[in-house]
Amino acid sequence: MAGPKILVFAGSLRTGSFNETLAAYVARKLTELGAEVTHASLRDYPMPLYDGDLEAREGVPERGQAFALLMSQHLGIFIAGPEYNAGITPLMKNTLDWVSRVDRGSAYKNRIFALGAASDGPRGGYRSLIHTRHVLELGCAAMVQPEMVAVSGASKAYDENGELIGPTAKVAANTLSALVANAKRYAA
Ligand SMILES: Cc1cc2nc3c(=O)[nH]c(=O)nc-3n(C[C@H](O)[C@H](O)[C@H](O)COP(=O)(O)O)c2cc1C
């Protein structure tokens with residue numbers, strides 16, 4: 001049986017983004033675990049800042065609808081989100097908000113989410129993980145697995161082969177094997 005389809009994306013557009021690096025690492029590791037991985041960039045899904053008048057006038061922007069469709073085509077979704085002021089980034093929140101307006105947020109249902117964050121700071125963006133979990137679970141009624149990974153000291157977190165070093169590698173491995181196992185359950 002083919003591995004579960006898993007979507008990976010980062011909540012940053014920055015060139016050299018630590019979270020994009022984490023997303024690429026996660027995509028590679030999930031592929032090694034047998035998942036069928038799509039690594040998307042939010043750069044390909046530009047959306048205006050949510051505006052109720054705009055939605056009333058024109059509906060959900062085409063890119064918002066396209067991203068909701070992309071999410072709904074996967075059984076697992078890994079989000080690598082930066083931490084801004086202890087919380088979720090505007091890019092991430094705006095994307096999640098627009099997706100919640102498509103088909104009453106159906107893209108959040110019947111699939112499993114896993115979270116990661118990366119920061120050069122000592123906490124690795126841990127607080128944004130909690131905030132993203134809050135938004136997804138309480139706001140979007142999504143299932144978010146308990147296992148998650150925060151990459152601290154992100155500029156020095158990988159060896160010369162691109163492997164995470166130290167205890168974070170084990171946390172990442174546990175997070176990703178749980179994600180594959182959880183996504184498989186949704187295939188039934
Ligand atoms: C407005 C703003 C607020 C930030 N707040 C935090 C923070 O609370 N905690 C943290 O670890 N890093 C914080 N940072 C630093 C980001 O972690 C850093 O810019 C990181 O590189 C962003 O992720 P990226 O590399 O994927 O773009 C903040 C950065 C910005 C621009």
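Four nonpolar, five polar and three charged residues make up the shell around the ligand, counting Ala, Val, Leu, Ile, Met, Phe, Trp, Tyr, Cys and Pro as nonpolar, Asp, Glu, Lys and Arg as charged, and the others, Gly among them, as polar. This is a predicted model, where local features need pLDDT of at least 70, side-chain atom pairs count only at pLDDT 80 or more, and totals for chains, interfaces and linings use all residues. Residues are numbered from 1 along each chain as its sequence is written, and side-chain values use heavy atoms, with hydrogens and water left out.

**Ligand site**
- Around the ligand (a heavy atom within 4 Å) you'll find, among them, Ser12, Arg14, Phe18, Tyr84 and Arg127.
- Asn19 puts a side-chain N or O atom 2.8 Å from a ligand oxygen, and Glu83 does so 2.7 Å from a ligand nitrogen.
- A polar backbone atom of Ala86 sits 2.9 Å from an oxygen of the ligand.
- On its own the ligand exposes 610 Å², and the protein buries 68% of that (Shrake-Rupley, 1.4 Å probe).

**Nonpolar cores**
- The largest core (buried Ala, Val, Leu, Ile, Met, Phe, Trp, Tyr and Cys joined through side-chain atoms within 4.5 Å; buried is under 20% relative accessible area, 1.4 Å probe, protein chains only) has 32 residues.
- Elements giving two or more residues to this core include strand 1 (5–10), helix 3 (62–72) and helix 5 (126–140).
- Phe67, one of its residues with the most contacts, touches Leu7, Phe9, Ala40 and Val99, among others beyond four places away in sequence (contact: heavy atoms within 4.5 Å).
- Another core, of 25 residues, lies apart from the largest one and includes Val149 and Leu179.

Terms used. Polar contact = N/O pair within 3.5 Å; in protein donor to acceptor, adjacent residues only side chain to side chain. Buried < 20%, exposed > 50% of the residue type's maximum accessible area, 1.4 Å probe, protein only. Helix = DSSP H or I, 4+ residues; strand = E, 2+ residues; numbered from the N terminus.
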